[in-house]
Amino acid sequence: MFDDQLRTLLEKPEVARFTTVRPNGYPHTVPVWFMQDGDDLVVFSLRDTRKVKNALANPKGCLSLGGDPPGSPGYLIDGDLTVEDDPEHVMAARVTRHYEAPEKAEEDLAAWQDEDFVVLRLKPRRSVQVS
């Protein structure tokens, strides 16, 4: 599903744009941290967010990444979404440590210890290079 260039991009701590579908049918797009988990892409989130509510109501989504600087390849990855509990913050910790320096990651994880995180899992159906 992913070519070598996309796989390389997926390994970097790049901020991506994550799109879900609102109840009125319009897209809801937000910047997110993400990671590849096997063939899936995962995002952690507080349970009570619009993107989680959208995914529960309509399990279709898209992750957009790359294209910066201008002229570099960008990708759209469409797929099916599931929402999973993350009570021990396993995925939240994994993603945070991927994006932040060790000391900052541990500081943030300690501050978030009482948060109710879930994992949004995107099971890709299609990837398209857009630039």
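Here is a chat about a predicted model, covering its sheet, its helices and two loops.

Colleague: Let's start with the sheet. How many strands form it, and in what order?
Modeller: Seven strands form an open sheet, and the order is 2-1-5-6-7-4-3. The pairing is antiparallel. Keep in mind that this is a predicted model.

Colleague: Which are the edge strands?
Modeller: Strand 2 (27–32) and strand 3 (35–37). Each of those pairs on one side only.

Colleague: And what does the twist average from one strand to the next?
Modeller: The average is 35°.

Colleague: Take strand 1 and strand 2. Over how many bridges do they pair?
Modeller: Six bridges, in the antiparallel sense, with strand 1 spanning residues 16–21. To pick out one partnership, look at Ala-16: its bridge partner in strand 2 is Val-32.

Colleague: Which strands does helix 1 touch?
Modeller: Helix 1 (residues 4–11) packs on the sheet and touches strand 3, strand 4 (40–46), strand 5, strand 6 and strand 7 (117–129). The direction of helix 1 makes about 50° with that of strand 6.

Colleague: OK, and which strands does helix 3 touch?
Modeller: Helix 3 packs on the sheet too, touching strand 2, strand 3, strand 4 and strand 7. The angle between the directions of helix 3 and strand 3 is about 135°.

Colleague: Moving on to helix 4. Which of its residues are buried?
Modeller: Helix 4 covers residues 102–111, and its buried residues are Ala-105, Asp-108 and Leu-109. Seen down the helix axis, the buried residues fall within an arc of 100°, so they line one face of helix 4.

Colleague: Why would residues three or four places apart point the same way?
Modeller: An α-helix has 3.6 residues a turn, so residues with that spacing point the same way.

Colleague: What's exposed on the other side of helix 4?
Modeller: Glu-103 and Ala-111 are exposed there. As for the buried residues of helix 4, what covers them includes helix 3 (90–99).

Colleague: Now the loops. Is the peptide bond from Asp-68 to Pro-69 cis or trans?
Modeller: That bond is cis, with omega near 5°. You'll find Pro-69 in the loop between strand 5 (60–66) and strand 6 (74–85).

Colleague: What about His-89, where does that lie?
Modeller: His-89 is in the loop between strand 6 and helix 3. Its phi is near 60°, which is a positive value in a residue other than glycine.

Colleague: Does His-89 count as buried or exposed?
Modeller: Buried, because the relative accessibility of His-89 is 10% and the cut-off for buried is under 20%.

Conventions:
Residues are numbered from 1 along each chain as its sequence is written. This is a predicted model: local features need pLDDT of at least 70, side-chain atom pairs count only at pLDDT 80 or more; totals for chains, interfaces and linings use all residues. Side-chain values use heavy atoms; hydrogens and water are left out. Buried means under 20% relative accessible area, exposed over 50%, partly exposed in between (1.4 Å probe, protein chains only). Helices (H or I, at least four residues) and strands (E, at least two) are DSSP runs, numbered from the N terminus. The arc is that of the directions from the helix axis to the C-beta atoms. Contact means heavy atoms within 4.5 Å. Two strands pair if DSSP finds at least two bridges between them. Axes are lines fitted to C-alpha atoms, for helices over the stretch in contact, and angles run from 0 to 180 degrees between N-to-C directions.
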